[in-house]
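Here is a short briefing for a reader who is new to this structure. Look over the sequence and the model first, then take the points below by topic.

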Amino acid sequence: MSVFDEIVITEIKDVLMIPSPKGRYTEMKNRESYGLSFCKSGQITYTQNGTETVSDKYHAVILPKGGTYTLYGDETGVFPLINFSTLTPFTDKFISVPLENPETYIKEVERLGGKNQAKS
């Protein structure tokens with residue numbers, strides 16, 4: 001059984017296209033919603049409690065609601081992000097999601113109407 005089997009999404013808060021330059025450093029405290037971050041190009045490393053999670057073309061990342069973490073732009077790129085709410089909490093840590101065909105997911109996020117914003 002996967003952690004994803006029990007998730008009931010109650011709201012898509014927004015769909016964004018986040019530009020991230022190389023060298024970008026951001027601190028997030030008490031993230032207000034869950035996020036599903038993809039990588040159209042580039043690479044980001046998230047660090048939470050000493051654990052690193054890499055977001056690249058072949059790994060989407062679940063960002064935890066209430067999470068406190070940092071992110072660092074390893075390579076310049078664009079990161080489609082879906083912020084969402086769930087019926088019940090399901091994780092307080094990052095979850096790396098391996099992707100076999102990332103282009104398909106990126107097209108679906110773009111179809112949802114991702115807006116360009118500098119938001120993390």
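Of the 120 residues of the chain, 42% count as buried. The model is predicted. The chain holds one helix and nine strands. Its radius of gyration is 13 Å, which agrees with the value near 14 Å for a compact globule of 120 residues.

**Overall build**

- Along the sequence, the elements run in the pattern β-β-β-β-β-β-β-β-α-β.
- The helix thus comes after eight strands and before a final one in that pattern.
- The C-alpha atoms fill a box of roughly 35 × 35 × 25 Å, taken along the principal axes.
- Many contacts span long stretches of sequence: among those between residues at least 6 apart, 84% join residues at least 24 apart.

**The largest pocket**

- The largest pocket has a volume of about 260 Å³.
- Its lining is made of 15 residues, and the closest to the pocket centre are F4, I9, L36, I62 and F84.
- Four elements give two or more residues each to this lining: β1 (9–20), β6 (59–63), β7 (69–86) and β8 (95–98).
- What kinds of residues make up the lining of the largest pocket: nonpolar, polar or charged? The lining has 15 nonpolar residues, no polar ones and no charged ones.

**Salt bridges**

- Side chains of opposite charge can pair when their charged atoms come close.
- How many salt bridges does a search of the whole structure find? The search finds four, and three of them are described here.
- E11 pairs with K13, with their closest N and O atoms 3.7 Å apart.
- E11 has a relative accessible area of 39%, so it counts as partly exposed. K13 is also partly exposed, at 36%.
- E110 forms a salt bridge with K40, and here the closest N and O atoms are 2.6 Å apart.
- This pair links distant parts of the chain, 70 residues apart. E110 sits in helix α1 (residues 102–111), while K40 sits in the loop between β3 (34–37) and β4 (41–48).
- Both ends of that link are partly exposed: E110 has 34% relative accessibility, and K40 has a relative accessible area of 42%.
- R111 meets E108 in another salt bridge, at 2.9 Å from N to O.
- R111 and E108 both belong to helix α1. They are three residues apart, about one turn of the helix.
- Is R111 buried or exposed? R111 is exposed, because its relative accessible area is 60% and the exposed class begins over 50%. Its partner E108, at 40%, is partly exposed.

**Strand β2: E27**

- E27 lies in strand β2, which covers residues 25–28.
- Which residues does E27 touch, leaving out those up to four places away in sequence? E27 touches Y69 and T70.
- E27 and V97 are 70 residues apart along the chain, and their C-alpha atoms are separated by 22 Å.

**Strand β4: T47**

- T47 has its place in strand β4.
- T47 is partly exposed, because its relative accessibility of 26% is not under the 20% limit for buried residues and not over the 50% limit for exposed ones.
- Beyond neighbours within four places in sequence, T47 is in contact with E52, Y69 and T70.
- Y69 and T70 are therefore contacts of T47 and also of E27.
- T47 and K22 are 25 residues apart in sequence, and their C-alpha atoms are 16 Å apart in space.

**Strand β5: V54**

- V54 has its place in strand β5 (residues 51–55).
- V54 is partly exposed, with a relative accessible area of 31%.
- Setting aside residues up to four places away in sequence, V54 touches Q43, I44, T45, H59 and V61.
- V54 and M17 are 37 residues apart along the chain, with their C-alpha atoms separated by 18 Å.

Definitions and conventions: Residues numbered from 1 in each chain as written. Predicted model: local features only at pLDDT ≥ 70, side-chain atom pairs only at ≥ 80, totals over all residues. Heavy atoms only, no water. 1 Å grid on protein atoms, 1.4 Å probe; cavity = no way out; pocket = protein on both sides within 12 Å on 5 of 7 lines; lining within 4 Å. Points joined across faces, edges and corners; volume = space filled by probe spheres on them. Nonpolar A, V, L, I, M, F, W, Y, C, P; charged D, E, K, R; others polar. Contact = heavy atoms within 4.5 Å. Salt bridge = Lys/Arg side-chain N within 4 Å of Asp/Glu carboxyl O. Buried < 20%, exposed > 50% of the residue type's maximum accessible area, 1.4 Å probe, protein only. Rg over C-alpha atoms; globule rule 2.2 N^0.38 Å.
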